[in-house]
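Here is a friendly walk through one protein model. Take a look at the sequence and the structure, and then let us explore a sheet, some salt bridges and a pair of helices together.

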Amino acid sequence: MRDNMSKNFKSGWIYILIPVLLIGAILVMSGQNKQETKRYSEVVGLFTNNKVAEFELDLSNGNLKYRLFSDEKKKENTYTVPNVAYFIDDINESVKEYNRVNPTKPIKYNYIKGTANSWWMSLLPSVLFGVLLVLMGIWAVRRMGNTIGNETNRTLGFGKIKTKNTAEDSDKTFEDVAGCDEEKEELKELVDFLKQPEKYTQIGARIPKGVLLVGPPGTGKTLLAKAVAGEAGAPFLSISGSDFVEMYVGVGASRVRDLFEQAKKKAPAIVFIDEIDAVGRHRGTGMGGGNDEREQTLNQLLVEMDGFGTNSGVIVMAATNRPDVLDPALLRPGRFDRQITVNRPDAKGREEILRVHSKEKPLAPDVDLKEIAKDTIGFTGADLENLMNESAILAVKRGKMSITAAEIVDATSRVELGTEKKSHKYTEKAKKLTAFHEAGHAVSAYYVEGHDPVKEISIVPRGLGAGGYTWYTPQDENYDSRNDMLNHLVSMFGGRVAEAVALHDISTGASNDLQQATEICRNMVTKYGMSDSVGPVVYDDGNGEVFLGKDYGRVNNYSEATSARIDEEVERIMRAAYAKTEKILTEHFDKLELVANTLLEKEKISGEQFESLMKYGKLEEKAENTDEDTASEEEAEAQEASYIPEEMSVTDETTSVVTDAAETSETE
């Protein structure tokens, strides 16, 4: 920060100095060149009329300083005489005559001799003003050169690229990466090659020139690349794919050449290109052709990786979450020889990641990282880091000295669903509709065999337009079976059916549920081959969104008749699920009404409370008070105690959290 402040000061002082010098030069010039307001005859008349009490005359430049009898003693008048000799002749007789007549009160005068170089002193302001103008012109030209000339020079072949290589990057090791055991095993070959390249070259083995890390955002692709460099002790040259592309043609290709020149000087080294899809997209796509500058940059990258040039000792690592848009030439052997998929971590991996991110955080005794890992299916490493950070923030806001299980549960719901909108007020009609909607989800899921258990139900608004939510805890994070999908359809229709059965009306609150249900049904028919009438045929090629240009003219690979059969089958499955949901909620309407009324009273009930309502028709005393805000003072003091749990065993058990948030009704 100090460096930025000093740079800003150094670059900003010129903006203050130039106006000051300009104003000073103008004032000096105007002060020196100002025209006299008095006439020569008027000044001489003052002397001949005996009005001057004293004066001083500079014989070199004619500067006259005088004071009149009528003036105050400190007042001084000035005048520049055009000719010193003529002026003395004009006033000499008058001064002598006055002094002769008034010997007691004579006119005091003095003649002084100026310096010999006073002539150039008069030219000094003009010279300074001219020099200042020249300096301003030079400064302006250099500023223009910094903004335009640099890019022009790069275009001519002098393009340089600034890589990121900090000490923090070099300190990363595989111990800092959790939840990626298989990925680390694959990358250990690179580490061994960077440490002992001769062991491979002696028998003619060639290490992969490029390694492409593919996976969802936040799974640790960049961290893995840093860990490889840290383990091998090799230089790590990191850059983003967007840094290559500029508006000037040829700059990107020049930067690619410069990047590999830097890497070769530091070989063995690792070049890491983050978000390579910014520069490595499929060539020749797009309306009207492609981006010429980007394609030239990609061509140069292809040549550097496996073209006429040789870059021995340089390993290129890249990361992307869009491998489908990359140019095929990048993915062929000899360039990116190896692709490593960095998936979302499983339960064991999530527990290890949570341990890494909780090292510096005090945890209360009731925090079980294994249970947290079970409840966070689908979370990436970045999500888990954010979860622990949100938990710590909540603990501070609540005045606690350690993170308790309550903070982690609330942080999980905040990350998944958003912040609670407790200040939002709704009408009783909207509140009742939301209560029956969410109760319908929960009750229908309870009576479906094999459905994930309910973790929490709430009618407090959260997130983007969600009037409430029903939160499930999945018991399996692997594949979904056909029965699992049909069960999900039943619980998704629970909100709409509950509105119709209990309130004899329906609202827009089920729009998100219907959208998800329709997508599940269509995937079952077109992608998974789970329809008996349509058959085990895949009618969806997986291009969920059109890659403009490449797939612009894509058409369905099935007939209109087949399309009609698909629509009919989707509708049949959805109507069957709707009918099953309607049957469940009609038969168990008492349970639906009980859960809805409890929600209207408490606004939020936990999974244990829901189980108590369904089994015993009432809330157990043990489950009545689960809010951390109503906990006893003794429990609060115990939770605030700083505690870090001991190492726990790692298992392969897996669970997760799936949310189903109903949108707020328009009647609200």
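Does Glu189 count as buried, partly exposed or exposed? At 37% relative accessibility, Glu189 counts as partly exposed; buried means under 20% relative accessible area, exposed means over 50%, and partly exposed lies in between, using a 1.4 Å probe and protein chains only.

Before going on, a word on the model: it is predicted, so local features need pLDDT of at least 70 and side-chain atom pairs count only at pLDDT 80 or more, while totals for chains, interfaces and linings use all residues. Residues are numbered from 1 along each chain as its sequence is written, and side-chain values use heavy atoms, with hydrogens and water left out.

**Salt bridges**

The structure holds 20 salt bridges, each being a side-chain nitrogen of Lys or Arg within 4 Å of a carboxyl oxygen of Asp or Glu. Three of them are listed here.

| Salt bridge | N to O distance |
|---|---|
| Glu189 and Arg338 | 3.0 Å |
| Arg414 and Glu390 | 3.2 Å |
| Glu603 and Lys431 | 3.4 Å |

The pair of Glu189 and Arg338 links distant parts of the chain: Glu189 is in helix α6, Arg338 is in strand β9, and 149 residues separate them. Helices (H or I, at least four residues) and strands (E, at least two) are DSSP runs, numbered from the N terminus.

Arg414 belongs to helix α15 and Glu390 to helix α14, so their salt bridge ties together parts that are 24 residues apart in sequence. Arg414 is partly exposed at 24% relative accessibility, whereas Glu390 is buried at 17%.

Glu603 sits in the loop between α21 and β12, and Lys431 sits in helix α16, so this pair ties together parts that are 172 residues apart in sequence. Glu603 is partly exposed at 33%, and Lys431 is partly exposed at 23%. Salt bridges with shared partners also join Arg398, Lys400, Glu407 and Asp410 into one network.

**The sheet**

Now follow β9 into its sheet. Five strands form an open sheet with parallel pairing, in the order β6-β7-β8-β5-β9; two strands pair if DSSP finds at least two bridges between them. β6 and β9 stand at the edges with a single partner strand each, so one side of each has no neighbour in the sheet. From one strand to the next, the twist averages 20°.

β8 pairs with β5 over five bridges and with β7 over six bridges. Opposite Val211 is Met317 of β8, opposite Val214 is Thr320, and opposite Asp274 is Ala319.

How many residues of β8 are buried? Seven of the seven are, so β8 is largely enclosed by the rest of the structure. In a regular strand the side chains alternate between the two faces of the sheet. Val314, Val316, Ala318 and Thr320 cover one side of β8, while Ile315, Met317 and Ala319 cover the other, and all are buried.

**Two packed helices**

Helices α9 (residues 251-265) and α10 (residues 292-306) pack at an angle of about 25°, with axes 7 Å apart. Axes are lines fitted to C-alpha atoms, for helices over the stretch in contact, and angles run from 0 to 180 degrees between N-to-C directions. α9 and α10 are therefore roughly parallel to each other, a label for angles under 35 degrees. The contact (heavy atoms within 4.5 Å) involves residues including Val256 and Phe260 of α9 and Gln300 and Leu301 of α10.

Notes. Parallel < 35°, antiparallel > 145°, perpendicular 65-115°, else oblique.
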